[in-house]
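Let's work through a few short exercises on the structure below. Have a look at it first, then try each task before reading its solution.

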Amino acid sequence: MIRTALYIFSIIFLLTSGNFGQKVETLVQGPSTFNDGLAIDKSGNIYASRYYSSTVTKITPDGNTEIFANGFSDPNGLAIGPDGNLYVTNAGGGRIDMVTPDGEKSTVISGLTNPTGVAFDSNGKMIIAHYQTSKLSSYEAGSEVETFMTGNGLNGPVGIVFDENDNLYIGNFNNGKVLRRTPDGTVSEIGDLPGWLGFITYSNGYVYATAFQRNRIYKIGADGSGQEVFAGSGYAGKRDGDLLAATFDGPNGIVASSTGDTLFISDFESRSLRMITGINPQPSITSVDSIDFGEVEINTAVIKSLVFTNDGSADLEISEIATSDSQFEISQKSGVIKPGDLLEVNITFTPIAEGSVTESLVITSNIGTKEILLIGTGRSVVSVKESDGVARGFLVMQNYPNPFNPETIIRFHIPEASHVSLNVYNALGQEVKSLISGFTSAGWRTVSFNAGELSSGIYIYKLSGSGFTESRQMLLLK
């Protein structure tokens with residue numbers, strides 16, 4: 001007996017050691033006033049129904065509960081509509097009720113047969129699941145209820161949910177099948193849970209489903225790529241902790257937070273509200289939407305700093321920061337930002353002629369593209385003697401890229417025509433390359449340095465002329 005227990009513990013530990021902080025917690029300890037369907041509003045308030053009763057409970061984000069509305073008849077599936085109101089299926093009363101945020105209740109549809117689930121597409125059309133008749137209906141304000149779907153594998157549908165592309169996911173309570181219906185009406189099976197299936201929810205490319213009889217939560221690829229046990233040891237109980245070591249007691253309702261990183265689950269038997277944090281970690285890019293360069297002097301550099309912040313829970317991978325206008329230089333064109341970290345990029349604008357300039361930066365990352373408008377340049381580029389924040393004398397910019405292999409760009413400014421030299425030295429101070437040596441006209445100059453014949457290491461480039469000397473370091477990595 002002892003060996004068996006140790007063996008089971010070892011399996012659980014191995015299975016859960018890769019969950020990276022994901023865990024099951026109890027937000028509301030039962031017995032409570034709910035046990036069935038769940039919905040969540042934009043403020044994070046959770047609404048929970050209690051089957052075989054007449055009440056719907058409101059749970060605040062910090063776990064406080066109160067009866068939100070009553071007078072229902074076996075309230076089952078719930079959904080927040082596009083109008084912000086709560087919609088409640090009355091499985092025993094054959095109707096859909098609506099409850100406003102302040103608790104005012106009214107009937108929207110009556111005369112239905114055993115409605116058990118409700119969801120809304122992006123156009124506000126309501127879809128209703130009917131358990132006993134194994135069909136789906138549709139309803140739009142001002143119209144009659146119409147048959148939306150029959151057959152196609154429906155077998156006691158209860159949980160239904162849309163994704164961001166209006167694909168509809170359907171959970172069969174009777175046989176545990178999870179179906180996907182695309183907007184063109186194509187239906188496919190993407191999941192097959194053992195035993196009864198309670199409800200389903202969608203989050204960031206995955207469908208999560210409660211295995212009512214098996215005390216587990218399943219994670220299913222919304223594209224049909226397969227399913228896996230996501231949480232629950234399979235034993236009945238109320239133990240929190242690591243995903244596959246935790247226990248549920250008739251997991252039933254399930255809903256994802258608006259950010260998609262937390263799941264909430266109602267236990268039917270214990271009447272508790274459980275939650276799983278840290279699912280589907282996603283990056284998030286935050287920055288200003290525009291940069292104002294103001295009035296700029298011709299052939300004079302103005303440098304603005306741009307900060308990108310990752311407010312998400314996974315790495316933000318910026319693959320390119322680009323602009324099509326050669327008058328703008330970008331100090332760093334790619335990078336990985338850890339959750340909570342930032343990346344600072346310098347944007348140098350050096351206009352070469354008078355006139356208006358309008359340009360955008362395009363940032364490409366693992367969450368899509370973002371444009372930042374470079375404004376102010378669209379107002380004016382002028383020739384003046386004085387301008388705040390611009391370079392007047394010698395200026396040596398940091399090479400880009402840095403580190404580099406094997407070629408990099410060095411950009412510098414000289415205030416007047418003179419004899420200058422630009423040389424590269426190794427870490428011992430030995431000159432390895434002369435890039436410029438001679439009379440050079442005033443303005444900005446760009447020089448390419450190829451270190452193909454040099455070994456990896458730190459190098460120094462030094463600009464000298466008219467009593468001015470400045471050095472910067474660069475790193476060659478091969």
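**Exercise 1.** Find how much accessible surface the chain has and what share belongs to carbon and sulfur atoms.

*Solution.* Start with the total: about 21900 Å² of accessible surface (Shrake-Rupley method, 1.4 Å probe). Next, take the share: 47% of that surface belongs to carbon and sulfur atoms.

Before going on, note that this is a predicted model, where local features need pLDDT of at least 70, side-chain atom pairs count only at pLDDT 80 or more, and totals for chains, interfaces and linings use all residues. Residues are numbered from 1 along each chain as its sequence is written, and side-chain values use heavy atoms, with hydrogens and water left out.

**Exercise 2.** Work out whether the chain is a compact globule or more spread out.

*Solution.* First, list the elements: the chain has one helix and 43 strands (DSSP runs of at least four and at least two residues, respectively). Then check the radius of gyration, taken over C-alpha atoms: 31 Å is well over the 23 Å that the globule rule gives for 478 residues, so the chain is more spread out than a compact globule. Finally, the C-alpha trace spans about 90 × 65 × 40 Å along its principal axes.

**Exercise 3.** Place Asp41 and find its side-chain polar partner.

*Solution.* Asp41 sits in the loop between strand E2 (38–40) and strand E3 (46–49). Now look for the partner: its side chain makes a polar contact (N or O atoms within 3.5 Å, one able to donate a hydrogen and the other to accept it) with the side chain of Tyr47, at 3.0 Å.

Notes. Rg over C-alpha atoms; globule rule 2.2 N^0.38 Å.
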